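Let's take a look at a protein chain together and see how it is put together. Have a scroll through the sequence and spin the structure around before reading on.

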Amino acid sequence: MASILPVSDLRNYNEVLKKCQVGEPVFLTKNGRGRFVVIDIADYEREQAEKKLLKKLNEAEEAVKDEKAWLSLEELKTLMGD
């Protein structure tokens, strides 16, 4: 379960970091509103990898939609020198 703490708790950042476990972010509030999120580095790296993968998948979907990018069988054979 995620923790929600006021940003002022960062004065004792060791306690905040203890609450930050893999898969359990710590949400920090300022003036009662969400302001920051502290996450474990493994979660951050996984999210960055997922974001990169989704971007590549989106690029591939866009390329498939562009029929000009497709090669006919004959064009492919010529390109491959067959």
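The protein chain has three helices and three strands. Start at the N terminus and walk along, and the elements come in the order β-α-β-β-α-α. Its radius of gyration is 23 Å, well over the 12 Å that the globule rule gives for 82 residues, so the chain is more spread out than a compact globule. Keep in mind that this is a predicted model.

You can get a feel for the layout from the box that the C-alpha atoms fill, roughly 70 × 25 × 20 Å along the principal axes. How much of the chain is buried? Buried residues account for 12% of the 82 residues.

Here are a few values for the whole protein chain:

| Property of the protein chain | Value |
|---|---|
| Exposed area | about 7,300 Å² |
| Part of the exposed area from carbon and sulfur atoms | 56% |
| Distance between the mean positions of the 14 positive and 16 negative charges | 11 Å |

What about contacts? Take those between residues at least 6 apart in sequence: 9% of them join residues at least 24 apart.

Now for the inside. In soluble globular proteins, nonpolar side chains tend to be buried together. Which residues make up the largest nonpolar core here? There are five: Leu5, Val16, Cys20, Val26 and Leu28.

Leu28 is a nice one to click on. Setting aside its neighbours within four places in sequence, Leu28 is in contact with Leu5 and Val16, and its other partners include Pro6, Val7, Leu10, Phe36 and Val38. Arg33, Gly34 and Arg35 are also in contact with Leu28.

Note on methods: Residues numbered from 1 in each chain as written. Predicted model: local features only at pLDDT ≥ 70, side-chain atom pairs only at ≥ 80, totals over all residues. Heavy atoms only, no water. Helix = DSSP H or I, 4+ residues; strand = E, 2+ residues; numbered from the N terminus. Rg over C-alpha atoms; globule rule 2.2 N^0.38 Å. Buried < 20%, exposed > 50% of the residue type's maximum accessible area, 1.4 Å probe, protein only. Contact = heavy atoms within 4.5 Å. Areas by Shrake-Rupley, 256 points an atom, 1.4 Å probe, with all protein chains shown as cover. Lys, Arg positive; Asp, Glu negative; His and termini not counted. Charge placed at Lys NZ, Arg CZ, Asp CG, Glu CD. Core = buried A, V, L, I, M, F, W, Y, C linked by side-chain atoms within 4.5 Å.
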